[in-house]
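Take a look at the chain below. We will begin at one residue and work outward.

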Amino acid sequence: MLIYRKINVKSLYILVFFNYLCRTNIDIYMAKEYFKPDYIFESSWEVCNKVGGIYTVLSSRAKTLQNEMKDHIIFIGPDCWKEKECPYFKEDNSIFAEWQWAAKEGNNEYGLPALKVRVGRWTVPGEPIAILVDFVPFFEQKNEIYTWLWEHYSVDSLHAYGDYDEASMFSYAAGLVVGSLYKFNVERGTFNHSTKVIYHANEWMCGLGALYINNKLPQIGTIFTTHATSIGRSIAGNMKPLYDYLFAYNGDQMAGELNMESKHSIEKQTAWHVDCFTTVSDITANECKELLDKPVDVVLPNGFDNSFVPKGAVFNSKRKAARKRLLEVANALLGEQLGDDTLIVSTSGRYEFRNKGIDVFIEAMNRLQRDCDLKKKVVAFIEVPGWVGEPRKDLQERLLEKKAHTEPLEVPMLTHWLHNMDHDNVLGMMKYLDMHNRKEDNVKVIFLPCYLDGTDGILNMTYYDVVLGNDLCIYPSYYEPWGYTPLEAVAFKVPCVTTDLAGFGLWANKEFGHYGELKDGVKVIHRTDYNYSEVADAIKDTVAAFSAMSQKEVDECRKHAEALSKKALWSEFIAYYHEAYDIALRRANERINK
């Protein structure tokens, strides 16, 4: 268990680094005999629902668990697609066929609730079993469910708004699915008193289900993972200094101030009542202790499955194709003929303007414009889904013409029209800084405000194909519990820039034994509540230095980036999950044997 005390931010960095150095070696851990689950049920809003980074966490880990558990790992997600075909899910009525019939009937001999479910396979590596549940019918019981939640766990749902109700009804439905499957298998003799079962809930959205299982099925070990505390993210997103004042913040008080009472309440009570409370990095573990008043039991760093990273000639071919397409889009938009020697850089992730460092990325590109050390022209892409309207018809027409143009299109920094053009943060900051992608500019910034799923209408390539084409990826996060985007970049041999306010950045520093430099494959910039300008300059200097590197030096950077990514494979990190399973099962065992 990680233990923290009230400290300032400098002490935090030292403590986090020391904690990593002193963590129990995985080899020693593996030598210990641990309780192992026979079945794992894991729920998340992002199971078969690709909306954020948690999708990557679960989907990339699925293959490792599937190899270990052989269809005894079952993911539960929301049936957001209803009658439409889900692109991430393949229905199979033969899986749990008898239970499906029993669950849909309801009021049957096993006393199971009526549930509308679809069972099949999650179409990710490993193809684990997935159950999608329709949670809409439970809105009729919402008041009764929230009353039960208050009476048993003092969860405040009175101040709920936005996605709280939707997430809670899904969470409740997921809990019912687990209870139904468990009882069905007990009645049929598949499960007995020695069957070890885990229920793993991700984020506050699944907290209600975890509490339901904890209360109704105490023999099941419960795990709750917060990938970022709701109140910590809100503090950072509301432009308040998080790190220097973390020791002084009261989570409950801040929840009231920022209108986050209900989300904070379910998250905090779940953290306190499950058998094993976890998060994804040491920096967020400290946040949990301060804002939720609960130290985590285990840190579960996010790993990566590189089985789909192309190899050899295929890799080179895909990289060449990605660069060609990115430059085609840039040239058509800008009315220029940028060649293959152009430096292609990018940032990506959720549209959290400050938290993800999009603001400082734009600032850095603006300063790079006037840097005399820059040796190449730069095209910088901001690949962040915004309130996108439609792909630009004029840009589509130019791309189809496949001929050189000498004049830029109107608004030559945007690939798709937005619904909120006048109020978009990226466009607003670029306008404020007078960044208009003029002919004479050596640095051009292009906003790609859509999900890169291969059907966006402009690039028409998936994100993993696009990232291959980058020379350098930049993620100057202010608030980043882990940071999948830099891990993904280095897995594709793309050197990257991140900060020590990202869990991945701290982990990289630990692996290097020093602050990461460009030559290591990952440049880790020191970031605080107040050094925005210094971070922008550090990014500017890093890109300029990269532009002056020889091909041999660049190849070394790419080689070291790939080498680091292999240390973050799920085969390396899954051991931490086994520790969490052990803790949860032992505590469940103690509970039922009292």
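Which residues does Ile223 touch, not counting residues up to four places away in sequence? They are Ile198, Tyr199, His200, Ala201, Cys276, Thr278, Ala580, Tyr581 and Ala584. Keep in mind that this is a predicted model.

Ile223 is found in strand 7. Its relative accessible area is 0%, so Ile223 counts as buried; the cut-off for that word is under 20%. The rest of the strand follows suit. Strand 7 spans residues 221-226, and six of its six residues are buried. In a regular strand the side chains alternate between the two faces of the sheet. Here both faces are covered. Gly221, Ile223 and Thr225 are buried on one side. Thr222, Phe224 and Thr226 are buried on the other.

Now look at the partners of this strand. Strands of a sheet pair through backbone hydrogen bonds, either parallel or antiparallel. Strand 6, residues 197-202, pairs with strand 7 in the parallel sense, over five bridges. His200 has Ile223 as its bridge partner in strand 7. His200 is also among the residues that Ile223 touches. To get from strand 6 to strand 7, the chain passes through helix 7, residues 207-216. This β-α-β crossover is right-handed. Strand 8, residues 276-279, is joined to strand 7 by four bridges, and the two run parallel. There, Phe224 has Phe277 as its bridge partner.

Next, the nonpolar packing. In soluble globular proteins, nonpolar side chains tend to be buried together. The largest nonpolar core in this model has 83 residues. Trp122 and Val522 have the most contacts inside it. Helix 21, residues 570-592, supplies the largest share of this core, with 10 residues. A second, separate core holds 60 residues, including Phe135, Ile145, Ala201 and Cys206. Ala201 has appeared before, as one of the contacts of Ile223.

What surrounds Trp122, not counting residues up to four places away in sequence? Trp122 touches Glu46, Val47, Cys48, Tyr55, Leu58, Ser59, Phe75, Tyr88, Glu127, Pro128 and Ala130.

Move on to another sheet. It is open, has six strands in the order 14-11-10-15-16-17, and its pairing is parallel. Which strands stand at the edges? They are strand 14 (443-448) and strand 17 (522-525). Each has a single partner strand, so one side of each is left without a neighbour in the sheet. Neighbouring strands are turned by 25° against each other on average, direction ignored.

Inside this sheet, strand 10 (residues 343-348) and strand 15 (residues 472-474) run parallel and are joined by two bridges. Ser346 stands opposite Cys473 in strand 15. Helices lie across the strands. Helix 13, residues 358-368, lies across strand 10, strand 11 (378-383), strand 14 and strand 15. Helix 13 runs at about 170° to strand 11. Helix 18, residues 503-512, lies across strand 16 (496-499) and strand 17, at about 115° to strand 17.

One distance links back to the starting point. The C-alpha atoms of Ile223 and Asp520 are separated by 36 Å, with their positions 297 residues apart along the chain.

Finally, confidence. The mean pLDDT of the protein chain is 92, and 94% of its residues reach 70 or more. Over residues 1-31, however, the pLDDT is below 50. That stretch has 58 contacts in the model beyond near neighbours in sequence. Where pLDDT is low, the predicted coordinates should not be read in detail.

Notes
Residues are numbered from 1 along each chain as its sequence is written. This is a predicted model: local features need pLDDT of at least 70, side-chain atom pairs count only at pLDDT 80 or more; totals for chains, interfaces and linings use all residues. Side-chain values use heavy atoms; hydrogens and water are left out. Buried means under 20% relative accessible area, exposed over 50%, partly exposed in between (1.4 Å probe, protein chains only). Two strands pair if DSSP finds at least two bridges between them. A crossover is right-handed if, with the strands pointing away from the viewer, the path from the first strand over the helix to the second runs clockwise. Contact means heavy atoms within 4.5 Å. A nonpolar core is a set of buried Ala, Val, Leu, Ile, Met, Phe, Trp, Tyr and Cys residues joined through side-chain atoms within 4.5 Å. Axes are lines fitted to C-alpha atoms, for helices over the stretch in contact, and angles run from 0 to 180 degrees between N-to-C directions. pLDDT is the predictor's confidence in each residue, from 0 to 100.
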